[in-house]
Every structure is written in C-alpha cells, then in structure tokens.
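Let's take a walk through this one, starting from a single side chain and working outwards to the ligand. Keep the viewer open as you read.

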Amino acid sequence: MFRLIREARSDHLCSVNTSTHHDTEPVMSNVLLIHSSVFGENSQSLGLARDFLKRYPHRSVVERALTPETMPHLDGATFAAMGTPANEHTSSQRAAAALSDELIAEIEAADTIVLAVPMYNFSIPSTLKAWIDHVARRGRTFRYSENGPEGLLKGKKVFVLAARGGVYSKGAPAAAFDFQEPYLRAALGFLGLTDVTFIHLEGLAMGPEAANTNRGKALAEIGRLTGDVVATAAA
Ligand SMILES: Cc1cc2nc3c(=O)[nH]c(=O)nc-3n(C[C@H](O)[C@H](O)[C@H](O)COP(=O)(O)O)c2cc1C
C-alpha cells in the first residue's frame, strides 16, 4: 500500500498500478467513464479524463461514449415505460425502458463516475443531457417524499473533466455564462450524486500559449487531487 501511495504522490506523471488487485491496495474503484464530445478520441475533455484515470486508483473502467446514434433523445413512449413498474411492462415497454435500465445499472455498479464534458453553447452537449433524461427516473434514482425530492444514487464520487474554449472561472468577465458546472451540479445532486469535483481545462480557444498553460494547470490539479485520494484512503 505504501509503495502505491508514494508512487501516486511523488510522481504524478507516473501512472499508479491500476490493472491488478491486491488486498492491501487502497480504494480501488470501479469507474464509469462517460464522454460526450463530437470530436471522439481527439476530444480535449476525454484526453484529460484519460490523464486523470492514469493517476486515479481503479480496478475497472466501463466506458460509455455518448453520440447521437448511441444516446437518443427521450420520447414519450420511453418516458411512460420508465415510469411503469417493470412487472407491469408490456414487451414494447420493456424494450423502450431497456436503455434507461442499462444506463442506471452502469451507475449503480460504479463507485466513481468520471464525466468528460465539453462546454457547447455555454452548457453541456445535448447527448449528455439526453443521458441525464434517461437516468433521472422516479423510484429508481430519485423519489419524492414529504420532505421534497431525495436522490437515491448515494455514496459515489464524481469527477468532471470540463473543457471550454473560453474562461469562466470565478472573477472572469464571462463567469456568469457558465451553465455547464451549475447545471451539472444541480442535475447530479438531484440524483444523490453530491460528491462532485470539477477539474477545468479552460481557454482552449485563446491561443496555443494559453491552452498549454491551462492544460498544465489542469494536470497539476489532477496530480494534487489524486494524491489526496490515495492519502485519504491510507488514513
Ligand atoms: C458546438 C460547439 C460549441 C461550443 N461552444 C462553446 C461555448 O459556448 N463556450 C466556450 O468557451 N467554448 C465553446 N466551444 C469550444 C469547446 O468548449 C472547446 O473546443 C472544448 O475543447 C471542447 O471540448 P472537447 O474537445 O472535449 O469536445 C464550443 C465548441 C463546439 C464544437
């Protein structure tokens, strides 16, 4: 365990051993990686998520690429099927709810969720919004009680690798136009996912120098965070 901690803390550019499991290893998460860029493997947010995973102790990664082909918009039939108890489903309702079932099962099986999220038009990609529409399911991922809504996906860590062309961090002139982080915090929190850490990769459209500097900052933040994760697990 000590060797693993030292590796992760002393050289952040060296990946920790994530492929094998030993009883002494700290918090080896099952990770769900979700990415949603139109640029596929050339995506900045996905590249940063892969950098994050090189340093984050994990046992397994289930990866889901959200594209218009794999992640359709919600429609009325699907929404109705999602709200109908499974034991009352017709065969067409069972088929309509199948994707929602699968996406929720992926979240339930994960200890850590890693979201690679580009900013598109001040918010998130529509495919990621469609994913949220499919996993926000009354009675499964949230419920209403006399105290109001309660999220049911508890006890999981979420890391969001958020890429943007501009700069929206606190104090920046465009900070009020950031609907990416506040929206995701609200939507994930509604489902019970409240342990959410953002790592921003900003200013990517502001020239190569700014982009490189900000990439360095994001990698340094990953190094700091992953060092903390391993240290906490050892405590
Ligand atoms: C359709 C589209 C819309 C975009 N809208 C914004 C925006 O509103 N604000 C911004 O700062 N950057 C915007 N960008 C720039 C992206 O955030 C930037 O290219 C980022 O690297 C995208 O992450 P990705 O490479 O993971 O897709 C936009 C890019 C695209 C393709």
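In which helix is Phe52 found? Phe52 is in helix H2, and that's a handy place to start. Bear in mind throughout that this is a predicted model.

Phe52 has 23 other C-beta atoms within 10 Å, and since 20 or more is the mark for a buried residue, buried is what we call Phe52. Leaving out residues up to four places away in sequence, Phe52 touches Val114, Phe159, Leu161 and Ile222. There's a long-range pairing to look at here too: Phe52 and Glu221 are 169 residues apart along the chain, yet their C-alpha atoms are separated by 9.7 Å.

Now zoom out to the helix itself. H2 runs over residues 44-55. With twelve residues, H2 reaches 17 Å from its first C-alpha to its last, close to the 16 Å expected at 1.5 Å a residue. Nine of those twelve residues are buried, so H2 is largely enclosed by the rest of the structure. The buried set is Gln44, Ser45, Leu46, Leu48, Ala49, Asp51, Phe52, Leu53 and Arg55. A bit of helix geometry is useful when you look at that list: an α-helix has 3.6 residues a turn, so residues three or four places apart point the same way.

What does H2 pack against? Take Ala49, which is in contact with Leu33, His35, Val114, Ala116 and Leu161 once neighbours within four places in sequence are set aside. Some of these names come back when we turn to the core. The largest nonpolar core has 42 residues, and those with the most contacts inside it are Leu48, Ala49, Phe52, Val114, Val117 and Leu161. Strand S6, residues 157-163, gives the most to this core, with six residues.

Step back once more to the whole chain. The protein chain has seven helices and seven strands, and along the sequence they follow the pattern α-β-α-β-α-α-β-α-β-β-β-α-β-α. Of its 235 residues, 35% count as buried. Among contacts between residues at least 6 apart in sequence, 76% join residues at least 24 apart.

On to the ligand. Which residues come nearest to it? Of the 18 residues around the ligand, the nearest are Ser37, Ser45, Pro118, Gly165 and Gly166. Our helix turns up again here, as H2 supplies the largest share of the shell, three residues. Sorted by class, the shell has ten nonpolar, seven polar and one charged residues. You can set this beside the UniProt record, an unreviewed entry, whose "binding site" annotation covers Ser37, Ser43, Gln44, Ser45, Met119, Tyr120, Asn121 and Phe122.

Let's go through a few of those annotated positions. Ser43 sits in the loop between strand S1 (29-35) and H2. Ser43 is buried, because 21 other C-beta atoms lie within 10 Å. Apart from residues up to four places away in sequence, Ser43 touches His35, Ser37, Ala116 and Pro118.

Met119 belongs to another loop, the one between strand S3 (112-118) and helix H5 (126-135). Met119 counts as buried because it has 24 C-beta neighbours inside 10 Å. Its contacts, with residues up to four places away left out, are Ala162, Ala163, Arg164 and Gln180.

Stay in the loop between S3 and H5, since Asn121 lies there, and so does Phe122. If you check backbone torsions, these two are worth a click. Asn121 has a positive phi of about 50° although it is not a glycine. For Phe122, phi is also positive, near 70°, again in a residue other than glycine. Are they buried or exposed? Asn121 has 10 C-beta neighbours inside 10 Å and therefore counts as exposed, whereas Phe122, with 15 other C-beta atoms within 10 Å, is partly exposed.

One last stop is Ala176, in the loop between S6 and helix H6 (181-190). Ala176 counts as exposed because it has 9 C-beta neighbours inside 10 Å. Measure it against Phe122 in your viewer: the two are 54 residues apart in sequence and 9.8 Å apart in space, C-alpha to C-alpha.

Key. Residues are numbered from 1 along each chain as its sequence is written. This is a predicted model: local features need pLDDT of at least 70, side-chain atom pairs count only at pLDDT 80 or more; totals for chains, interfaces and linings use all residues. A residue is near a molecule or strand if its C-beta atom, placed from the backbone, lies within 6 Å of it. Helices (H or I, at least four residues) and strands (E, at least two) are DSSP runs, numbered from the N terminus. Ala, Val, Leu, Ile, Met, Phe, Trp, Tyr, Cys and Pro count as nonpolar, Asp, Glu, Lys and Arg as charged, and the others, Gly among them, as polar. UniProt positions are given in the numbering used here, feature names are shortened, and annotations may be inferred rather than shown by experiment. Two residues are in contact if their C-beta atoms, placed from the backbone, lie within 7 Å. The expected span of a helix is 1.5 Å times one less than its number of residues. A nonpolar core is a set of buried Ala, Val, Leu, Ile, Met, Phe, Trp, Tyr and Cys residues joined through C-beta atoms within 7 Å.
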